Each structure stands twice: as structure tokens, then as C-alpha cells.
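Open the structure in your viewer and keep the sequence panel beside it. The tour below gives a selection at each stop and says what is there.

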There are 2 protein chains.
Amino acid sequence: MTTLAIVGATGAVGSVMIDIIDARETVPWTEIRLIASPRSAGRRLRVRGEEIEVVALSPEAFDGVDIAMFDVPDAVSAEWAPVAVSRGAIAVDNSGAFRMDPEVPLVVPEVNADQAHERPKGIVSNPNCTTLSMMAALGALHRAYGLRELVVASYQAASGAGQEGIDRLQQEIAAVAGKGVGNRRGDVAEAIASAGLSEDSPFNAPLALNVVPFAGSLRDGGWTSEELKVRNESRKILGLPDLKVSATCVRVPVVTTHSIAVHATFDGEVDVATAQQLFAAQPSIVLLDEPEAKRFPTPADVVGEDPTYVGRIRQALDFPNTLDFFVCGDNLRKGAALNTYEIAEELVRN
Amino acid sequence: MTTLAIVGATGAVGSVMIDIIDARETVPWTEIRLIASPRSAGRRLRVRGEEIEVVALSPEAFDGVDIAMFDVPDAVSAEWAPVAVSRGAIAVDNSGAFRMDPEVPLVVPEVNADQAHERPKGIVSNPNCTTLSMMAALGALHRAYGLRELVVASYQAASGAGQEGIDRLQQEIAAVAGKGVGNRRGDVAEAIASAGLSEDSPFNAPLALNVVPFAGSLRDGGWTSEELKVRNESRKILGLPDLKVSATCVRVPVVTTHSIAVHATFDGEVDVATAQQLFAAQPSIVLLDEPEAKRFPTPADVVGEDPTYVGRIRQALDFPNTLDFFVCGDNLRKGAALNTYEIAEELVRN
């Protein structure tokens, strides 16, 4: 008897969690419980052919739950994950509330699955979607070569800002289409305003026909919360507290799937052929690196896919022991719902 | 008596050259000659209020010309710039034909204007638009701190592929608008195909609602011509033959204006406040770095502007003597027509 709860079952990531459970050949759960805000309680969702009624978040909702996967805002997780634990569940949390807590492991199963089993607080955290998009690839290289330095620039999708982000991008695209804008300063913003869209965008600037070098909130030194997450979470997942990291996080007009340009320096000598073999051997990675045949990862080819796609692997010409490559990962799947579910599978399996 | 010729006057960059000449308060030219392919000869264009007939490219077209600005394909420049020189002109060339020729200076006036006056072949080259977009900013920092290493990732606009690139992006945006695509693998490509657009895109993949990590042509080691230009041209312009450079060049669905995430390491100690002062003191740079007020450069705010915009300046947390920043420059203006014209002005002035 093993009961899995999905907290935030009616949200964007919650829906993908249900898709993933539906697509599994077998599941180890004897009961799946759907939990959401009182506003969504009473809705009925179909999971593996069975209609399940969504119940409101309450302490009692966790009674009998073995593993509770949380995809809710940070403050909700901070309050309710400990409640789930007090009722006997292990909480697997996809918010930022516990990620940097030294008593909470931050887990990517193909990189550090063992850490999921040391959880003094009964909570396991799921990394930020940007960090996750590159972590399978970096983990594979780190095991072989020893990672030392990381310089990354991201190309992050609108859905990183949730359904609101997706809707905003689609509305902006409709507003600029056929207008011939993008050649004059401010004409994209004018087209968006003319279409009646609110000035209050989740992206702080037009996203259609634009890129926005700001994601998350502002922190010390001009860094964003998103950029610091990439640094701090990479260090924690890989167990490298002194890893050197610089990240620039940029939102691009893509619906779903984050991309990252990675410049990674290792302790050992690296070469492209061995790196390609390491990537190809990982079940959670698809190697797509034949640029002469125009085969390289792009978000439009990766969205909806579970694996991380890696390509454009090059040996740095001027930096010793260094590879440059490009990686794409669906930020709602491996970047959120899938990794959370894989942690839950790891917990029930071992 | 000083005669300026524009070779390729009817092209995308040629048109911007004429716009720039029109906008100047005064010009040193007593005659402006417009030269293009025989196909465009006979067209009449207005320059500074005067109608000028386009003449066909021929050796005689350069008779009496002092400075000939070329914006034509590499092969055309390779053939015709020496002809212009043999007829007594200085050629300022915006193609890739001569950029790495040791007898041809590669000039960004605010960085290395003096080199425009040492030109054994009578030719001065204008850098690639991606390199140019960051060169004013890097030049300012290099003079103060001594540049040593450069890791960059680009966010390049469609117009880098000419008018064909602009048209393709606008057609793709119209094809995907209102379709709700971008959530399923391949649905962007399907929407583009359904709209009747050719499979033969200048971008090798859908560009609307996507990013494409490939620009230029494939070279040794999986590098692209665009990535190698960033490396080799930066070294030549800055006079740093051993500069360490890694670049990843990515096309994004922006009409015009290239953006670059820069990670730059120097010989000397750097700090954000001094870097901001250095940028603010450069006439060709606009400092836009108040992220708390949502003020940072984006392509939609920079397109059509002459200066390079710099923001998101951060001191690297883990790399000594290193700054991370984000730069946007109009690839048709400073990235092409403007810098070429500024070289011509430098030649006639000194």
C-alpha cells in the first residue's frame, strides 16, 4: 500500500505530473491523491483512467500519504511541506523554499540519487528548472573529468513564469504578427499596447520579437535570483561547494523548453568524441550533434520530451580542459514535473 | 573635392548607409556616388535631398572616387575592392573577404582608429556585426584593465541574414500567431509548413517561438564561421593575438539588434562602479544598468539606435578580475553601415 499525493494538481506543472503518471507503463502507487487550493477542490481529474476528486489542502489531506509531491509557490511549500511530513509523508518539493537548506537534499536522480535517502527534515527538494536543464549533461561529464568552472548563458522559455507567462507570450505574438514591427525603437511595445495588452507583464519588457536579460528577482551585486540559483544549486547537486560559476539568465520568446550555452572547464583532459560517448550512454540524454546535417537541439524539437538534448559540442580552442556545448530541456518536464516524479520513484524503489 | 561611393547602395545595409548620411548635420563629401549591380542600375535614390541615379558596378564607376564603401557579398568585394583601389579609391569593406588579411586593418574607430591609416592594400575592413556589437564596450574595458579572456553567448537577430532573414521571421511569426503552438514537439514547424512557407529557411530550423544554435557555416571542430569570426576579429581589433575566446552564436526571433552575454576576464582588478563610469564616458555607449527600476538593454529598445547599450554589469562571484554583462547593438547600424561610415569619416578627417 503506497499512496502518492500531488499538491498543486491543477496547476501547469501538476497537469504535466498527471501526464507523466498516465504515460508510465506501471506505477507503484495503490492510491493517487490530488490536492489543491480550496478554490480547485471538488474538480474531478482523470488519472490512469480513473476519475479522482481534487481535495482541499489541509493537514488531514496528508493522512495515509507516503510521498507528497509539491508544486506550489514557495510560501505554500514552506508552510505545508512540514505539515505533510508531520502526518507521515515524505515531501518532494519543487519550490525554492528548501533547496539551499543544508538539511534538505537537492536531487537529480541520475546525478545524486543516493542523497534522496538522507533527509533529516523528511523533505527532498527538486532543483530550479534552469539548473535542471543542464544537470544531467554536467553530471555525466563531471563523473568523468571533474568539473571546475562553469560559465553559462540561458535562453529561457515563457512557461518558466507559469501559465501566465505562456498566455502573455502568445498574446504578444498575436499582437505583433503581420505588423512588420521590430525595425524601429519601441514599435514592438507600441504594437503590444495597441492590442490592449496590460503594461504589467510578467517579463518586465516585451517578450515577442525581443529577449529580456532579467529573470527572477534582483539580488546583491546586480545578480538575479535565477542566476544565483544556477550557481548555488549546481554546487549543491554536484557536491562541489567551491565550483566557480557565472550565469547570465535571459528570457526568450519560446513557449516551453529552456536552452543553455555551456562553457565548462574540468580538472582532467576532455575531448569531444569521449564527451559524445558519455552523453549517448545516458538514458536521460539525447545526443544530437551533427551540425553538417543541420542536426542540433532547438527548443521546438525538444518540447514535450523527457530527455535533455545536447549538441554543438566543441573543444574550446583557447581554454585547456574545456568544452563548449548547447543543451535544451523541457522546463515543465525534466525541469519540473518529471524530475520531481523521478525522485518519488527513487524513494519508493529504494 | 571628395567623392564617396556606396557600393551595394540598394541593399539592406546600403539603405541604412543612406539614412545615416541623411541624418548627419554636415558631410565632407562633394559628390556621393551610388553603385550597385547592373540589375539595380538606373534606379534613382534620394540622398540629402538630391536625387542620384544608381550606376552599374564597373571599373570606370570608381574613377574620381576617394572612398568607396562596399556592402556586397564576399566574392564581389574580393573582386571589386582591388579594382576600386587601382582606380585611386580607398576601399572600406563590410564583407568577410579581407578581414583576416594581415595587410588589411580591421577597424572600430573608437578602439583602433589609428590602424585605418596603415593600409598596404588600400583596403580597410569593417568587422562582423556580432563582434562589432560588443567591441566598443570591450575596448573601453581593455584600455583600463587589459583583456585576457572572453566567454560569450550571442542572441542574434534575423536581419543578420539580410532582408531574406527579416522576411522569413515575419512570415513565420504570422504563421504561428494565434495557433497556440509551442507546447508540443514539432508543432511550430507544422504551423509554418501549413502556412505554405518553404522548408528552405535561411535559419536551418524554425525561428519563430524557437532559438537556433547555429549561424554561418560549419568549420573544423564543430565551430561555426560566426563563432570563429568573434574570436579572430576580437583578437585582431584589440591587438591581442593570444586573447582566449570561446563563443556560442545563437539566432533568436528578433528582427534587428544583436545581444551578447559577455563574461570577460582582465589582467587588472575590476569593479562594477568603475566599469559603469568607463561605459558612461564613451560617446558610442549608452549605460542602462538599473535593474531595480527594470532598466536594462533589450533589442526592442535599441533597434535603430547608433550607440551600443550596456547593462546587467556584475562582478563575477567566483572568477577574479572578471565582469559579466549584457550588451545590445543594432547589427545594421553600428554592426554594419554606421561603423563603415565612421571609418570613411576617419579616413577623410585625418
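**Stop 1: the two chains together**

Colour chain A and chain B separately. Chain B and chain A bury about 6,100 Å² between them, and 61% of that area lies on carbon and sulfur atoms. The model is a predicted one. Select the residues in contact across the boundary: 78 residues of chain B touch 78 residues of chain A.

Turn next to the charged and polar pairs. Across this interface there are 10 salt bridges. There are also 40 residue pairs in polar contact, both residues of each pair being at pLDDT 80 or more. On the chain B side that touches chain A, the elements giving two or more residues include strand 9 (147-155), helix 5 (162-176), helix 7 (225-238) and strand 10 (244-248).

For one of the salt bridges, select Arg314(A) and Glu227(B): their closest N and O atoms are 3.4 Å apart.

**Stop 2: Asp318 of chain A**

Select Asp318(A), in the loop between strand 13 and strand 14 of chain A. Is Asp318(A) buried or exposed? Its relative accessibility is 13%, so Asp318(A) counts as buried.

Now show the arginines across the boundary. The side chain of Asp318(A) makes a polar contact of 2.8 Å with the side chain of Arg231(B). A polar contact of 3.0 Å links the side chains of Asp318(A) and Arg235(B). Leaving aside neighbours within four places in sequence, the residues in contact with Asp318(A) are Arg231(B), Arg235(B), Leu243(B), Lys244(B) and Val245(B).

**Stop 3: strand 14 of chain A and its partners**

Select residues 322-329 of chain A, which make up strand 14. 8 of its 8 residues are buried, so the strand is largely enclosed by the rest of the structure. In a regular strand, side chains alternate between the two faces of the sheet. On one side of strand 14 of chain A are Thr322(A), Asp324(A), Phe326(A) and Cys328(A), and on the other are Leu323(A), Phe325(A), Val327(A) and Gly329(A); both faces are covered.

Add strand 11 (residues 258-266) of chain A, which runs antiparallel to strand 14 of chain A and is joined to it by 8 bridges. Within this pairing, look for Ala261(A) opposite Phe326(A).

Then add strand 13 (residues 308-315) of chain A, which pairs with strand 14 of chain A in the antiparallel sense over 5 bridges. Here Val310(A) stands opposite Val327(A). Strands 13 and 14 of chain A form a hairpin with 6 residues between them, and in its turn Asn321(A) has a positive phi of about 50°.

**Stop 4: the cysteines**

Show the cysteine sulfurs in both chains. How many disulfides are there over all chains? A search of the whole structure finds 0.

Start with Cys328(A), which is buried at 0% relative accessibility. Its closest cysteine sulfur belongs to Cys129(A), 14 Å away, which is too far for a bond. In chain B, go to Cys249(B), also buried, with a relative accessible area of 1%. The closest cysteine sulfur to that of Cys249(B) is in Cys129(B), at 9.3 Å, again too far for a bond.

**Stop 5: the open sheet of chain B**

Hide chain A and show the strands of chain B. 6 strands form an open sheet with parallel pairing, in the order 5-2-1-6-7-8. Strand 5 (55-56) and strand 8 (123-125) of chain B are at the edges; each has a single partner strand, so one side of each is left without a neighbour in the sheet.

At one edge, select strand 7 (residues 90-93) and strand 8 of chain B, which pair in the parallel sense over 3 bridges. Val92(B) stands opposite Val124(B) in strand 8 of chain B.

**Stop 6: a hairpin and two loop residues in chain B**

Select strand 3 (residues 44-47) and strand 4 (residues 50-53) of chain B, an antiparallel pair with 4 bridges. Leu45(B) stands opposite Ile52(B). This hairpin has 2 residues between the strands, and Arg48(B) takes a positive phi near 50° there. Arg48(B) counts as partly exposed, at 35% relative accessibility.

Finish at Asn204(B), in the loop between helix 6 (187-194) and helix 7 of chain B. Asn204(B) has a positive phi near 65°. At 26% relative accessibility, Asn204(B) counts as partly exposed.

Methods
Residues are numbered from 1 along each chain as its sequence is written. Chains are lettered from A and ligands numbered from 1 in the order in which they are written. This is a predicted model: local features need pLDDT of at least 70, side-chain atom pairs count only at pLDDT 80 or more; totals for chains, interfaces and linings use all residues. Side-chain values use heavy atoms; hydrogens and water are left out. A disulfide is a pair of cysteine sulfur atoms within 2.5 Å. Buried means under 20% relative accessible area, exposed over 50%, partly exposed in between (1.4 Å probe, protein chains only). Two strands pair if DSSP finds at least two bridges between them. Contact means heavy atoms within 4.5 Å. Buried area is the accessible area (1.4 Å probe) that two parts lose on being put together, summed over both. A salt bridge is a side-chain nitrogen of Lys or Arg within 4 Å of a carboxyl oxygen of Asp or Glu. A polar contact is a pair of N or O atoms within 3.5 Å; within protein, one must be able to donate a hydrogen and the other to accept it, and residues adjacent in sequence count only if both atoms are side-chain atoms.
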